[in-house]
Amino acid sequence: MGAQKKRAAAAAAAARVSEDPDDLARQPLQAILLADSFTTKFRPITLERPKVLLPLVNVPMINYTLAWLEAAGVAEVFVFCCAHSKQVIDYLENSEWFSQPNFTVKTIESHNIISAGDALRLIYEQNVIHGDFVLISGDTVSNMSLTQALQEHKERKKKDNNAVMTMIIKKSKPSPITRQSRLGTDELFMAIDPNTKQLLYYEDKADHSKGTICLDKMLLAENPSISLHNDKQDCYIDICSPEVLSLFTDNFDYQHLRRHFVKGLLLDDIMGYKIFTHEIHSSYAARIDNYRSYDIVSKDIIQRWTYPYVPDVKFCGNRATKLERRGMYRALEIEQSRSAQVGSFTVIGYGTKIGSNSKISDSVIGEGCTIGSNVLIEGSYIWDNVIIEDGCELRHVIVCDGVIMKAGAVLKPGVVLSFKVVIGERFVVPAYSKVSLLQQPTVHDSDEELEYADNSSGTVEFSSIQGTADQSNGEMTSESSEAHKPKLGTGGVGYIWSICEGGQEEEWRHSVAPIPEDKLTELSEAMDDDQELVTQDRTALSTSGELISDSNASEGDDNEDSKDDSVYFEKEVEATFLRAVEENVKVDHVILEVNSLRLSYNMTSADCAGAVFYSMMKLAIKTPHSSASELQQNTANIITTWQKLLKSYLLEIDEEIEIILKFEEMCLESAKEFSPLFARILHILYDKDILQEDAILRWADEKEGADESDKVFVRQSEKFIQWLREASEEED
Amino acid sequence: MDFQVVVLAGGTSKKLVPLVSKEVPKALLPVANRPVLSYVLEQLELSNIKDLIVVVEGADAALCVGGWISAAYVDRLHVEVATVPEDVGTAGALRAIAHHLTAKDVLVVSGDLVSDVPPGAVTAAHRRHDAVVTAMICSVPVSGLSEAGSSGAKDKTKKPGRYNIIGMDPTKQFLLHIATGAELEKDTRIRKSILRAVGQMDIRADLMDAHMYAFNRSVLQEVLDQKDKFQSLKQDVLPYLVRSQLKSEILINGAPQGQQAKENGNDKVSYRILANASTPSFHELYALGPNGSAPVRRTHKCCVYIASNSKYCVRLNSIQAFMDINRDVIGEANHLSGYNFSAQNNIIHPSAELGSKTTVGPHCMLGEGSQMGDKCSVKRSVIGRHCRIGSNVKVVNSVVMNHVTIGDGCSIQGSVICSNAQLQERVALKDCQVLSLSTSVFLSLSSNEYL
């Protein structure tokens, strides 16, 4: 029946498929461009301008993405704007993107969205996506051709309706020392089926404390061959089927595209949705995720890896620039002193002036900048209308629009100067500092998990900050400039953001500056230590007796788990019992409660009998008593009251023996007071029909061969046992 | 070649218990009427390896094996038979014969391997990379009986216990991860450190360790000395070497290193030259300091040699494998048997006598001096020497060893009948193993019973 239905469904699907090619030909390719990264990595710059509008080699990032989408054959792009949506929309309206033939750009605006998941849910509600679409964020630079990936995606989709997404990946081996890719993103571990290219495992945000990757055994049972990759980079370009949007709506807790959505699909084997990968080899694709990737992608653009999206080719919004020897790009109307040296791989923007004896190399200078004489600029990104006075030194820094550096100021590597900051004369800005006119938000939390929450507060905060920013745009409010003058030297304006705790040592990871040498040595030493620890663990284990440490270690864990379980179970039963005694709960109800505990801990009725008996004896010993006989009396009373409870677990002789053993154990360990009374209490239990003579005799038989020390209690009850034996013989 | 070869012939394996006995240790079990050990020895002979040490567990077994070898290979091979106590494990066996080992490298082969993979290829791969260990791996044999999809085949699929999970680098030269035995039942844990070093690791669950290893002798002996708990090459020594390849503990501590340096002064130089000539492997890159300075870490290489799919490679380590191998050697892998097949694709010894209307199908073997009555039918089976088989007997998918007497009207399917057994008339056997020593059977039995 079910099979028939399935077949019918398959047939229907096949019928649909056969029509598909025509449909697809008619269906224009759509794309969703997220103009918000929902992270705070580019702060403080992104407090004033959205990330997608930040200039990348003098062109706002979003232009690279849009230009690529157009070239890749996308017909309709929905730009989702959230933070600074007004700026993005204004920019797009004034750009030529709205007037392209065969390429429509539509904006969707929302202010209360805090994650990519929310954005996709909103787009789903608007019901604008009708077919396969490209999901991309507005900070991606690529020149790949989508044709093949799209083709593969569609073919897979035809064969298997569950293949909902194709991820674009590219080879890029992270440094084993820093454990991050050249783009400054964390190392990524993926498992891919080498034949079908299906993604089977995805782990970014690697937990460094864990030295191993754990592949589920089912995974290997289903796929005899798996490739594990540490040498791939996620390009964050996804080809998705429309189901992806509804999946986000169904799973309202999906926020992050990778951490929640991809992992959710990989773990969920009920729906069976599959993600595939497409590897690009010769073309370029990279996402600007942090300052380091900003630096690297800029260099790639200058070195023409992203052709045709390079400064001297007109694609959108870039001014005519000429390529000269040694990778030097110069726009028009540059005033350059004869003695100024402009080195290789440098871009100089329109209308920039460079004074005498200044040296510039490996840098990007924006439009309308004024650079004095004897200035040294190395590996830096200077945006538009920046004034750098004589004798300044800049190494590996980002300087935003309108910054003024007074004479002799020095920026150490990794510094970021946000918009319109003024650095005082001869002031040295320490490495990795971030300077902004805006004060650091008080709720600043670098913790990724809180980022969403943080971000929402960020946007709220933002509107309030906008006001101050506007004010400061006109002229600095006297108090703020005065209060912070000393911080940035004489005449300096702006706040140095304190690097949040914990982030301090991590700052170098994502900065524009190259990783310092000493850091590398330090790390590689740390790596050695790591390794040592791992091997030490193993050898320790393997010498301590067993052979394969890994399996044994986990086995040990398992044992501990079950041990823990039984301890918890005992405690729970005891608590239940005590409550029952205090509140005079009916015996039947107690039995019900203990039964439910038994089920939830997956225990046997022998365990229950043991635990109940243990609780009863515990109660007896806790009841105040002055002498042994009183204790015996207490015990007898308790046993009489609760015998029904105990009996309900004594189904067979085994459980009765369990009780005797438990009692023995208690007498030896936790409740030594009982030890002189052992025989008598045994007798009581016999009298109350809780223990049958068979059980007692068998227990005695079992103990026959035991050590002397184990036989203490058998000795003690010898007479009683003797009597039992005789009685049973008489009966016979 | 500076290689010594050790053949681990085992003793009386518990897994094969109804088939093996004091008189017939595992190494002498017949495969197409030849002891299984002869397949290994002949492969070695083909690779021009003529000096070997055969290690046998237990004195009785050693006597049998030694006797057979000296008779069969008297002037062809120079074989030393070494006896080790029973249950010492493969590592223990090597420990016991350590004083015999002197060459730079040691090739360790399991005596129950039926394969046409040239051992020379394994040793060459070992030498090429200057590895501490090179393991031969092959595809997991296609399960059970190929045509009779009986319970045997199902058993095989149900029991995944005997294969490995093997991780290799993309060039399939280096062994990066290996899981055996109990580890297979758990989730696979791959060390990130090695993955970082190599970038990509191919994990295969459809390959298995064929138990043919080339070891660097000094490394092997050092490991065996230091880790006196190690019992098995496959489960302890090999995984240990694989695990520690990026943080090598061998050749570092104590005397061996000093010796090594002195002894191999020249080798080191030539090794350097070799290493410079080829592109460095990830081991060498990993060993380098942060700025490409002199090596700061110690690594060693664990290599693999993957037998191509067209090669035959199965270990005789279970009764099912015994049946499979017997079937394959006279069937699809018949080049291994060394016999000439007739036009009917079978082997009938000239001295065998067949009654009238008796048919012997293709992929069958009938040994010297065996007699069959009238109207018998033999399909895909091996029948040993000097058997007496009555009339109207059917033998399908079975192995009948030597000197077996089978009465009229018997039907034998998927069974092993050991030497000297006697079957009375009209016995029907299905999936049985019949023990030797003149057991007389006059019952009908089915599925997996021993007698």
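**Salt bridges, a sheet and some unusual backbone spots**

A sweep through the whole structure turns up 41 salt bridges over all chains, a salt bridge being a side-chain nitrogen of Lys or Arg within 4 Å of a carboxyl oxygen of Asp or Glu. The model is a predicted one, so local features need pLDDT of at least 70 and side-chain atom pairs count only at pLDDT 80 or more, while totals for chains, interfaces and linings use all residues. Residues are numbered from 1 along each chain as its sequence is written, chains are lettered from A and ligands numbered from 1 in the order in which they are written, and side-chain values use heavy atoms, with hydrogens and water left out.

One of these salt bridges ties K232(A) to E279(A), with 3.4 Å between the closest N and O atoms. The two partners sit in distant parts of the chain, 47 residues apart: K232(A) belongs to strand β13 (residues 232-240) of chain A, and E279(A) to strand β14 (residues 274-280) of chain A. Helices (H or I, at least four residues) and strands (E, at least two) are DSSP runs, numbered from the N terminus. How covered up are the two side chains? Here "buried" means under 20% relative accessible area, "exposed" means over 50%, and "partly exposed" is in between (1.4 Å probe, protein chains only). K232(A) counts as buried because its relative accessibility is 6%, whereas E279(A), at 24%, counts as partly exposed.

Another salt bridge in chain A brings together the side chains of D588(A) and K644(A), at 2.9 Å from N to O. This one links helix to helix across 56 residues of sequence: D588(A) is in helix α14 (residues 587-601) of chain A, and K644(A) is in helix α16 (residues 628-647) of chain A. D588(A) has 40% relative accessibility, so it counts as partly exposed. K644(A) is partly exposed too, with a relative accessible area of 47%.

Chain B offers an example of its own, with D202(B) and K172(B) meeting in a salt bridge of 3.1 Å, N to O. The partners are 30 residues apart and again in distant parts of the chain, D202(B) in strand β12 (residues 200-204) of chain B and K172(B) in the loop between β9 (165-168) and β10 (175-179) of chain B. D202(B) counts as buried because its relative accessibility is 9%, while K172(B), at 31%, is partly exposed. Back in chain A, salt bridges that share partners join K171(A), D231(A), K232(A) and E279(A) into one network.

Strands β13 and β14 of chain A also turn up in a sheet. Seven strands of chain A make an open sheet with mixed pairing, in the order β5-β4-β1-β6-β13-β8-β14; two strands pair if DSSP finds at least two bridges between them. Its edges are β5 (104-109) and β14 of chain A, each of which pairs on one side only. From one strand to the next, the twist averages 30° (axes are lines fitted to C-alpha atoms, for helices over the stretch in contact, and angles run from 0 to 180 degrees between N-to-C directions). In general, strands of a sheet pair through backbone hydrogen bonds, either parallel or antiparallel. Strand β6 (residues 133-137) of chain A and β13(A) take the antiparallel option, over three bridges. Across from V134(A) stands I239(A) in β13(A).

The backbone has some quirks as well. The peptide bond from R43(A) to P44(A) is cis, with omega near 5°, and P44(A) lies in the loop between β1 (30-34) and β2 (55-56) of chain A. A cis peptide bond also joins Y307(A) and P308(A), with omega about 10°; P308(A) is found in the loop between α9 (291-302) and β16 (321-324) of chain A.

Positive phi values show up in residues other than glycine. N385(A) has phi near 55° and sits in the loop between β26 (381-382) and β27 (387-388) of chain A. With 49% relative accessibility, N385(A) counts as partly exposed. In chain B, H386(B) has a positive phi of about 50°, and its place is in the loop between β22 (382-383) and β23 (388-389) of chain B. H386(B) is partly exposed, at 36% relative accessibility.

As for chain B as a whole, it has twelve helices and 33 strands, and 56% of its 451 residues count as buried.
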